Amino acid sequence: MSSAQEIDPNESPRALFAFELRRHRMAAGLTQQQFGDRIGYSDSQVAMVETLKRPPTRKFAELCDEKFGLDGAMTRLFMATKWQTAPEYFRPWLEDEQDATGLCSWEPMLIPGLFQTEAYAREMFATAPGITAEEVEERLAGRMRRQSILNRAKPPLISVIMDEAVLHRRIGGAHVLREQLQFVLEVAQRPEVTLQIVPYEAEAHCGLAGGGFIIAEKNGAPYAAYTDAQPVGRTIDDRQVIGQLAARYDVIRAEALPCKQSVKVIKEVVSRNDW
């Protein structure tokens, strides 16, 4: 991202914060240096927040509210950048994912979160013991906001491998699943997305020995991962463990069908007449 003018506020919570910061600063007739002087930050620090090169802090957001005379608006936007409505255990991963230039995902059980429709995701969130309808909708809103990375001017390269069983698990019933698979086919047409299916014929493979996982890369180098587990998943920053997951991903991918053949398998499921 070369300049603040190119920021799309719908791209991510952090992008919205940067967009609003610049909008309020310019409405006040202040340069980055003048505004920085008022809140005790350098002009370069203000510029880095406005261009998404540095995340804001709570103190920074509160000072913005104070100097712009806002009623906590920037602080609320800051809270959104920290994914406060998401489960606490998932928040570190959401922040890592936003910075990724590449994502590699393995899913043996479900459609990956980045590709889920609202109906499919709602059905899954509603299965959590004791969850309220309000909490379901909060998590659903977070899931849809998470997917905003797909619509960036420069979205991350996304490689997804799913087990064929995922295509047949009727989450929400036939209508919801069919709509979901149609959406997956649409996403698979994006140039930044690579989608592969591990067929039933692969039989036993290392991807079935544990849950799903996703690896975040920056400029080709893995730097974070998230693994599914019960009762909650976990974010990993240990380079050795991330390396082990990357090796496992390569082995799973070797069992997968080529992209065109994988798409054909999904189309066959969608077009069958026993729905």
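These legends walk through a few close-up views of the structure.

The model is a predicted one, in which local features need pLDDT of at least 70, side-chain atom pairs count only at pLDDT 80 or more, and totals for chains, interfaces and linings use all residues. Residues are numbered from 1 along each chain as its sequence is written, and side-chain values use heavy atoms, with hydrogens and water left out.

**View 1. Six strands side by side in one open sheet.** Helices (H or I, at least four residues) and strands (E, at least two) are DSSP runs, numbered from the N terminus. Read across the sheet, the strand order is 3-2-1-4-5-6, and the pairing is mixed. Strand 3 and strand 6 sit at the edges with a single partner strand each, so one side of each has no neighbour in the sheet. From one strand to the next, the twist averages 15 degrees; angles here run from 0 to 180 degrees between N-to-C directions, and axes are lines fitted to C-alpha atoms, for helices over the stretch in contact. As background, strands of a sheet pair through backbone hydrogen bonds, either parallel or antiparallel.

**View 2. Strand 1 and its two partners, strand 2 and strand 4.** Two strands count as paired if DSSP finds at least two bridges between them. Strand 1 runs parallel to strand 2 (residues 157–163), and 6 bridges join them. Look for Leu103, which stands opposite Ile158 of strand 2. With strand 4 the pairing is antiparallel, and there are 5 bridges. Here Ser105 has Ile214 as its bridge partner. Strand 4 is also joined to strand 5, running antiparallel, by 6 bridges, and Ile214 stands opposite Tyr226 there.

**View 3. Strand 1 (residues 102–107), largely enclosed by the rest of the structure.** Buried means under 20% relative accessible area, exposed means over 50%, and partly exposed is in between (1.4 Å probe, protein chains only). For strand 1, 6 of the 6 residues are buried, so the rest of the structure largely encloses this strand. Gly102, Cys104 and Trp106 point one way, while Leu103, Ser105 and Glu107 point the other way, and all are buried.

**View 4. Helix 1 packed against helix 5.** Two packed helices are described by the angle between their axes and the distance between the axes. For helix 1 (residues 13–27) and helix 5 (residues 73–81), the angle is about 160 degrees and the axes are 8 Å apart. That makes the pair roughly antiparallel (angles under 35 degrees count as roughly parallel, over 145 as roughly antiparallel, 65 to 115 as roughly perpendicular and the rest as oblique). Their crossing is left-handed, meaning that the near helix is turned anticlockwise from the far one by less than a right angle; clockwise would be right-handed. Contact means heavy atoms within 4.5 Å. Helix 1 brings Pro13, Arg14, Leu16, Phe17, Glu20, Leu21 and His24 to the contact, and helix 5 brings Met74, Leu77, Phe78, Ala80 and Thr81.

**View 5. Two buried charged-type side chains, Glu50 and Arg146.** Glu50 sits in helix 3 (residues 43–50), and its relative accessible area is 0%, so Glu50 is buried. The side chain of Glu50 makes a polar contact with the side chain of Arg25, at 2.6 Å. A polar contact is a pair of N or O atoms within 3.5 Å; within protein, one must be able to donate a hydrogen and the other to accept it, and residues adjacent in sequence count only if both atoms are side-chain atoms. Arg146 belongs to helix 8 (residues 133–146) and counts as buried at 6% relative accessibility. Leaving out residues up to four places away in sequence, Arg146 touches Trp83, Phe90, Trp93, Leu94, Glu97, Gln98, Gly113, Leu114 and Ile214.

**View 6. Backbone details in the loops, at Glu203, Asn219 and Pro231.** Glu203 lies in the loop between strand 3 (193–198) and strand 4 (213–218). Its phi is near 55 degrees, a positive value in a residue other than glycine, and Glu203 counts as exposed at 64% relative accessibility. Asn219, in the loop between strand 4 and strand 5, has a positive phi near 55 degrees too. At 68% relative accessibility, Asn219 counts as exposed. Between strand 5 (221–227) and strand 6 (234–236), the loop holds Pro231. A cis peptide bond, with omega about 0 degrees, joins Gln230 to Pro231.

**View 7. Pro87 and Val232, 145 residues apart along the chain.** Pro87 is found in the loop between helix 5 and helix 6 (91–98), and is buried with a relative accessible area of 17%. The C-alpha atoms of Pro87 and Val232 are separated by 9.3 Å.
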